[in-house]
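Biologist: Could you take me through one part of this model up close? I'd like the surroundings of a single helix residue, and then how that spot sits in the rest of the fold.

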Amino acid sequence: MSIVSAFRRVGNKLYERAFPVYRPLYSAYKVCADRAERQLIRSILFPGAVVVDIGANIGIYSRFLSRCVGRAGVVHAFEPSPENFRRLESATRKLTNMRLSQAAVGERSGRSHLYLSDNLNVDHRAYPPGGDSRDTVPIDVITLDDYFSPGDRVDLIKLDVQGYELHALRGANRVLHENPAGKVILELWPYGLRQAATPWPDLIAALEEKGMVIRQVSAKGLIPFRQELVRESVDWYTNLFASRE
């Protein structure tokens with residue numbers, strides 16, 4: 001077992017049995033681990049911005065995004081897991097610029113199932129993981145095109161949904177078309193994308209077809225995304241930034 005895997009398993013035990021201890025520890029870990037992403041987000045957001053947080057989990061990023069957009073802005077946060085959503089509500093109940101939805105974001109609105117991980121609260125999935133038997137719970141699924149009214153402004157879409165990113169983006173075609181200055185930050189996890197029946201080149205192609213330039217988020221800032229370096233191993237992932245600028 002890798003050090004990261006061991007850390008995550010210990011963290012999940014704390015989540016289940018000592019959440020008041022887990023939350024500040026996990027928050028501190030995310031501040032450190034996601035330093036580059038947070039610096040990028042601070043540089044592109046502004047007071048009054050409208051942000052979509054897909055896969056909000058327990059609200060660590062949602063709270064950060066709330067501070068970035070200020071009281072005049074709005075953060076629309078989506079989380080389908082009942083337990084995580086309860087934690088998300090608790091974490092953001094005093095934030096007046098938050099709009100919470102207990103739902104997954106997909107390519108079609110309706111009902112579906114969430115496949116729950118016994119090991120990691122951050123690894124519930126909106127598709128059946130191959131070779132992994134999991135308990136399920138029924139969930140709502142909504143497209144961003146159904147959630148937002150025509151003409152609504154969206155400045156940033158942040159996605160971290162364990163390989164379900166392309167499904168979510170397919171349901172946001174109108175929103176992305178109507179917001180040419182809108183930007184996307186997402187996790188590229190090729191292993192999960194393939195399990196969700198959406199190979200990672202399809203995700204890249206979908207963004208490029210929308211006229212977006214794709215760059216990789218690194219400790220040195222934004223760098224060119226080199227597709228030849230992508231790996232489909234379970235432990236390989238990176239974060240991408242897509243924009244029309």
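Modeller: Sure, let's start with Asp145. Setting aside neighbours within four places in sequence, Asp145 is in contact (heavy atoms within 4.5 Å) with Gly171, Ala172, Asn173, Arg174 and Val175. Asp145 itself belongs to helix α6, residues 144–147; helices here are DSSP runs of H or I with at least four residues, strands are runs of E with at least two, and both are numbered from the N terminus. Before going on, a word on what we're looking at: this is a predicted model, where local features need pLDDT of at least 70, side-chain atom pairs count only at pLDDT 80 or more, and totals for chains, interfaces and linings use all residues. Residues are numbered from 1 along each chain as its sequence is written, and side-chain values use heavy atoms, with hydrogens and water left out.

From Asp145 we can step over to Glu107: the two are 38 residues apart in sequence, with 9.1 Å between their C-alpha atoms. Glu107 has a salt bridge (a side-chain nitrogen of Lys or Arg within 4 Å of a carboxyl oxygen of Asp or Glu) to Arg170, with the closest N and O atoms 3.7 Å apart. Glu107 sits in the loop between β4 (104–105) and β5 (110–115), while Arg170 is in helix α7 (residues 165–170), so this pair ties together parts 63 residues apart in sequence. Glu107 also meets the side chain of Arg108 in a salt bridge, at 3.8 Å from N to O. As for exposure (buried is under 20% relative accessible area, exposed over 50%, partly exposed in between, with a 1.4 Å probe and protein chains only), Glu107 is partly exposed at 25%. Arg170 is partly exposed too, at 37%, whereas Arg108 is exposed at 62%.

Helix α7 also holds His167, and that residue is buried, with a relative accessible area of 12%. Not counting residues up to four places away in sequence, His167 touches Gly106, Glu107, Ala196 and Thr198. That brings us back to Glu107, which is thus a contact of His167 and a salt-bridge partner of Arg170.

There's another cross-link to look at. Arg194 and Glu232 join their side chains in a salt bridge, 2.8 Å from N to O. Arg194 is in helix α9 (residues 190–195) and Glu232 in the loop between β10 and β11, so the pair connects parts 38 residues apart in sequence. Arg194 is partly exposed at 45%, and Glu232 is partly exposed at 34%. Elsewhere, Glu83, Arg86 and Arg87 are joined into one network by salt bridges that share partners. Searching the whole structure turns up 13 salt bridges.

Now for the sheet. Eight strands form an open sheet with mixed pairing, in the order β3-β2-β1-β7-β8-β11-β9-β10; two strands pair if DSSP finds at least two bridges between them. At the edges are β3 (98–101) and β10 (221–224), each with a single partner strand, so one side of each has no neighbour in the sheet. On average, neighbouring strands are turned by 25° against each other, ignoring direction. Within the sheet, β1 (residues 50–54) and β7 (residues 156–159) run parallel and are joined by four bridges, with Val51 standing opposite Leu156 in β7.

Helices pack on this sheet as well. Helix α5 (residues 82–92) lies across β2 (74–78) and β3, running at about 165° to β3; axes are lines fitted to C-alpha atoms, for helices over the stretch in contact, and angles between N-to-C directions run from 0 to 180 degrees. Helix α10 (residues 200–209) touches β8 (183–188), β9 (213–218) and β11 (238–243), and its direction makes about 175° with that of β8.

Zooming out, the chain has ten helices and eleven strands. Its radius of gyration, taken over C-alpha atoms, is 17 Å, close to the 18 Å from the globule rule (2.2 Å times the number of residues to the power 0.38) for 245 residues, so the chain is as compact as a globular protein of that length. The C-alpha trace spans about 45 × 45 × 40 Å along its principal axes. Buried residues make up 51% of the 245. Of the contacts with a separation of 6 or more, 71% are between residues 24 or more positions apart.
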